[in-house]
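Q: I have a chain open in front of me and would like to know how the labels given to its parts are earned. Could you take me through them?

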Amino acid sequence: MSHTIEVRKATATDVDFKSTTSVAITVNGPPFSGTFEVSPSEGLELETDFHMALRKWTDDSIDDLPLVYSFGYLDTQRTSESRVVRESGQKETFITTLPAHKKVAADGFSSVKVFGTVCDTFGADHTETFTVLVKPLDASSTTKRTATLQSLFSVATRTTATDGGGGGGEGDE
């Protein structure tokens, strides 16, 4: 994107004397024209794999490439602080599990806002959001919740050990 700025100067003593100059300034814009897809739209806390994808993003100049992508969720329990689940990388897809929030609606689900950010080489970025519904783990007792979390951790640890790392719900498609 290019803008032209023109500056004119006329002196008070000589009205016929004028000076004009112009400068073209190129401004970097964020990536555009892509989509942010999330599926499924609802699931179970720390068990359902949520697939996120930032697809078909482009930029106005080849000099702005490569594009990098990051994914995460907003922690509304802590003043909408973002939690990046995967740092910037060139893969446009990501799979993760999500926590539920303490605030649960009458239908038994909590709303969790996930996001995907696409960024160009110069730091211009665009963020898309999507709200998913997450059903909390059965918290009928602290003992049952702790047992469920330990079981999930055990499975994630075994998966990471057998696939050489990157398991635990953070794989790519």
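A: Gladly! Helices (H or I, at least four residues) and strands (E, at least two) are DSSP runs, numbered from the N terminus. By that rule the chain has one helix and ten strands, in the order β-β-β-β-β-β-β-β-β-β-α from the N terminus on. Please keep in mind that this is a predicted model, where local features need pLDDT of at least 70 and side-chain atom pairs count only at pLDDT 80 or more, while totals for chains, interfaces and linings use all residues. Residues are numbered from 1 along each chain as its sequence is written, and side-chain values use heavy atoms, with hydrogens and water left out.

Q: What makes Ser70 a buried residue?
A: Buried means under 20% relative accessible area, exposed over 50%, and partly exposed in between (1.4 Å probe, protein chains only). Ser70 has a relative accessible area of 12%, so Ser70 is buried. You will find Ser70 in strand β6. Among the residues that Ser70 touches, leaving aside those up to four places away in sequence, are Leu54, Arg86, Phe115 and Thr117; a contact here means heavy atoms within 4.5 Å. Over the whole chain of 173 residues, 29% count as buried.

Q: Why is the pair of Phe71 and Phe94 called stacked?
A: A pair of aromatic rings is described by the distance of the centres and the angle of the planes. Rings of Phe, Tyr and Trp (its six-membered ring) pair if their centres lie within 6.5 Å; planes under 30 degrees apart count as stacked, over 60 as edge-to-face and the rest as tilted. The centres of Phe71 and Phe94 are 5.7 Å apart and the planes are at 15 degrees, so the pair is stacked. The two rings link distant parts of the chain, with Phe71 in strand β6 (residues 68-75) and Phe94 in strand β8 (residues 93-96), 23 residues apart. Both Phe71 and Phe94 are buried, and the structure holds one aromatic pair.

Q: How do you know that Glu37 and Arg55 form a salt bridge?
A: Side chains of opposite charge can pair when their charged atoms come close. The rule asks for a side-chain nitrogen of Lys or Arg within 4 Å of a carboxyl oxygen of Asp or Glu. For Glu37 and Arg55 the closest N and O atoms are 3.1 Å apart, and the salt bridge is there. This pair joins strand β3 (residues 35-39), which holds Glu37, to strand β5 (residues 50-55), which holds Arg55, 18 residues apart.

Q: What makes Glu37, Arg55 and Glu92 a network?
A: Arg55 also forms a salt bridge with Glu92, where the closest N and O atoms are 3.8 Å apart. Glu92 sits in the loop between β7 (81-89) and β8, 37 residues from Arg55. Salt bridges thus link Glu37, Arg55 and Glu92 in a network, and the count comes to two salt bridges.

Q: Why does Val23 count as partly exposed?
A: Val23 has 47% relative accessibility, so Val23 counts as partly exposed. Val23 lies in strand β2 (residues 18-26).

Q: What makes Lys135 lie over the face of Phe109?
A: A charge sits over a ring if NZ of Lys or CZ of Arg is within 6 Å of the ring centre and within 35 degrees of the ring normal. Lys135 is at 5.3 Å from the ring centre of Phe109 and lies over its face.
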